[in-house]
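Student: I am new to this structure and should be grateful for a close look at a single part of it. Please also explain how that part is connected with its surroundings.

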Amino acid sequence: MSTHAPHAPQAAQSAAQPVSPPAGAAEKHPAAQPVTLPGTLDEAVAALAATPAAVPVAGGTDLMASVNSGQLRPAALVGLGRIGEIRGWEYLDGNALLGAGLTLARLGRPDFAALIPALAASARAAGPAQIRNAGTLGGNLVSAAPTGDTLPVLAALEATALIAGPGGSRREVPASHLLAGMEMLHAGELVGYVRVPLLHAPQTFLKATGRTGPGRALASAAVVLDPARRHVRCAIGAVAPMPLRPLEAEQWVSSLIDWDGQRTLPPEALAAFGDYVAMACIPDPQPATEGGEPPPPLPPVALHLRRTVAALARRGLGRALA
């Protein structure tokens, strides 16, 4: 995980363990930096506040790529791997409270798939084994890479992030707000947990890549049924800087479903839903001025992406209703 904000100075708790590189190592290897290894979430927050330029690191799949490419040179690191409290989950008031340090490999296991199937499916799709073994749920959320596989699922499930701050403060923010940049992490804050509603209803995740096997998504779709609210929720990933919720398409298709009956839709309704979602996420260009020249057609790449999104949304809803 990493924060989006610099950290204000504050004394770190003594239980955090600083580890410095050998003398001269930083000059020989610019990426070699002092590392602090806190044992609790509050110790990690205090360590970040004590070193304004420090960067938190859990799996490091995004951070180390930036370091190795020379895009980032953190003055210090705060390792989160020893914080046991954020590496598990618990049930809480009809929700699953997921530790931000849960690895994608752990989220993909069968016991978790029985709990939140779409999130488990997205974790299993998140690249090769070495990435899934290192990458974490909190890292996915805070890095907010457009192709992050868990992100459309978190958006469709309307998950919230529980954020720890200096002085033991806690606040809760919708995950979609973090992803859209509507709210940011403040100085010295960390995402500690992710709260996910347990819907006990069908949900799916599908992903299209440019090659065979696990890889970066060209587009992805999460579809979630919410029988209690008689609503379909859908989020599309990888086609924009943040997951997109086609709200009008959700409301339209929700009105067609017999929630007290078989919950089935004819093929033409599924196809129309897919097209509705795709048009909402990849719209036609708008005219530059009123009465001016008509806008140019979408380029072939965008048309292909629109067809891909339509197919993912159609298949995702069809599987959820099957």
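Tutor: The account below begins with one helix and then follows side-chain pairs in the parts around it and elsewhere in the chain.

The model is a predicted one. The part chosen is helix α13, which covers residues 300-321. This helix has 22 residues, and from its first C-alpha to its last it reaches 32 Å. That span is close to the 32 Å expected at 1.5 Å a residue.

Let us turn to what is hidden in this helix. The buried residues of α13 include A302, R306, T308, V309, A310, A311, L312 and A313. Further along the helix, G316, L317, A320 and L321 are also among the buried residues. The elements that cover these buried residues include β10 (203-209), β11 (217-226) and β12 (231-237). Helices α11 and α12 are also among those that cover them.

One of the buried residues, R306, deserves separate attention. Its relative accessible area is 14%, and R306 counts as buried because this value is under 20%. The side chain of R306 meets that of D284 in a salt bridge, with 2.8 Å from N to O. This pair links distant parts of the chain, since D284 lies in the loop between α12 and α13 whereas R306 belongs to helix α13, 22 residues apart. D284 has a relative accessible area of 39% and is therefore partly exposed. Side chains of opposite charge can pair when their charged atoms come close.

The structure holds 14 salt bridges. Another of them joins R245 and E158, at 3.4 Å from N to O. R245 lies in the loop between β12 and α11, and E158 lies in the loop between α9 (150-156) and β7 (160-164), so this pair ties together parts that are 87 residues apart in sequence. R245 is partly exposed at 26% relative accessibility, and E158 is partly exposed at 34%.

A further salt bridge is formed by the side chains of D226 and R229, at 3.7 Å from N to O. Here D226 counts as buried at 5% relative accessibility, whereas R229 counts as exposed at 54%. Both of these pairs belong to a network of salt bridges that links E158, D226, R229, R233, R245 and E250.

Two of the covering helices, α11 and α12, are also joined by an aromatic pair. W252 lies in helix α11 (residues 247-256) and Y276 in helix α12 (residues 267-281), so the pair ties together parts that are 24 residues apart in sequence. The ring centres of W252 and Y276 are 5.9 Å apart and their planes stand at 55 degrees, so the pair is tilted. Both residues are partly exposed, W252 at 30% relative accessibility and Y276 with a relative accessible area of 30%.

The count comes to two aromatic pairs. The other is made by W89 and F112, whose ring centres lie 5.0 Å apart with planes at 75 degrees, so this pair is edge-to-face. It links distant parts of the chain: W89 is in strand β5 (residues 89-92) and F112 is in helix α5 (residues 110-113), 23 residues apart. W89 is partly exposed, with a relative accessible area of 26%, whereas F112 is buried at 0%.

Terms used: Residues numbered from 1 in each chain as written. Predicted model: local features only at pLDDT ≥ 70, side-chain atom pairs only at ≥ 80, totals over all residues. Heavy atoms only, no water. Phe/Tyr/Trp six-rings, centres within 6.5 Å; stacked < 30°, edge-to-face > 60°. Helix = DSSP H or I, 4+ residues; strand = E, 2+ residues; numbered from the N terminus. Buried < 20%, exposed > 50% of the residue type's maximum accessible area, 1.4 Å probe, protein only. Expected span 1.5 Å × (residues − 1). Contact = heavy atoms within 4.5 Å. Salt bridge = Lys/Arg side-chain N within 4 Å of Asp/Glu carboxyl O.
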